[in-house]
Amino acid sequence: EADRCVTLARADFDAALSVEPGTIVEFDADGESVAGTIVAADAQSVTVDMNHPLAGRALDVRIELLDLAP
């Protein structure tokens with residue numbers, strides 16, 4: 001979802017960090033660690049997709065039923 005993308009100032013990132021599309025970065029949000037993927041960056045700003053990495057993907061889920069409660 002595009003509404004889960006945020007644009008931040010490049011100055012908000014550590015100068016040693018590789019700020020390139022595809023890089024996963026972690027943020028502290030209210031004491032909770034949240035990850036995002038950089039989707040665009042230039043000298044002034046960095047756009048980060050805060051969606052879960054599996055968002056929008058089709059998943060193939062397989063389960064093994066071990067017991068069926070009465």
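A polar contact here is a pair of N or O atoms within 3.5 Å, where one must be able to donate a hydrogen and the other to accept it. Keep that in mind for later stops, and remember that you are looking at a predicted model.

**Stop 1: the whole chain**

Start zoomed out, with the protein chain drawn as a cartoon. You'll find four strands and zero helices, so to speak a β-β-β-β pattern when you read along the sequence. How spread out is the chain? Its radius of gyration is 17 Å, well over the 11 Å that the globule rule gives for 70 residues, so the chain is more spread out than a compact globule. Turn the view along the principal axes and the C-alpha atoms fill a box of roughly 60 × 25 × 25 Å.

Now switch on the surface. The protein chain exposes about 5,800 Å², with carbon and sulfur atoms supplying 53% of that. Of the 70 residues, 14% count as buried. As for contacts between residues at least 6 apart in sequence, 37% of them join residues at least 24 apart.

**Stop 2: Thr47**

Go to strand E4, residues 45-49, and select Thr47. Which side chain does Thr47 make a polar contact with? Look for Thr7: the two side chains meet at 3.3 Å, inside the 3.5 Å cut-off. Leaving out residues up to four places away in sequence, Thr47 also touches others, including Cys5, Val6, Ile38 and Val39.

**Stop 3: the aromatic pair**

Next, show the rings of Phe13 and Phe27. The count of aromatic pairs comes to one, and this is it: the ring centres are 6.3 Å apart and the planes stand at 80°, so the pair is edge-to-face. Phe13 sits in the loop between strand E1 (5-9) and strand E2 (24-29), while Phe27 is in strand E2, so the pair ties together parts that are 14 residues apart in sequence.

Are these two buried or partly exposed? Phe13 is buried, at a relative accessible area of 10%, whereas Phe27 counts as partly exposed at 26%.

**Stop 4: the nonpolar core**

Keep Phe13 selected and add Val19, Val25, Ile38, Val46, Val48 and Met50. Together these seven residues form the largest nonpolar core. In soluble globular proteins, nonpolar side chains tend to be buried together.

Click on Val48 to see its surroundings. Not counting neighbours within four places in sequence, Val48 is in contact with a list of residues that includes Phe13, Val25 and Ile38 from the core, and also Phe27 from the aromatic pair.

Then move to Val19, in the loop between E1 and E2. Val19 is buried, with a relative accessible area of 14%. What does Val19 touch beyond four places in sequence? The answer is Arg10, Phe13, Ile38, Ala41 and Val46. If you have a distance tool, try Val19 and Ala35: their C-alpha atoms are 14 Å apart, with their positions 16 residues apart along the chain.

**Stop 5: Asn51**

Finish in the segment after E4, where you can select Asn51. Its relative accessibility is 13%, so Asn51 counts as buried. Show the side chain of Asp49 as well, and you'll see a polar contact of 2.7 Å joining it to the side chain of Asn51.

Technical notes:
Residues numbered from 1 in each chain as written. Heavy atoms only, no water. Helix = DSSP H or I, 4+ residues; strand = E, 2+ residues; numbered from the N terminus. Contact = heavy atoms within 4.5 Å. Phe/Tyr/Trp six-rings, centres within 6.5 Å; stacked < 30°, edge-to-face > 60°. Buried < 20%, exposed > 50% of the residue type's maximum accessible area, 1.4 Å probe, protein only. Core = buried A, V, L, I, M, F, W, Y, C linked by side-chain atoms within 4.5 Å. Rg over C-alpha atoms; globule rule 2.2 N^0.38 Å. Areas by Shrake-Rupley, 256 points an atom, 1.4 Å probe, with all protein chains shown as cover.
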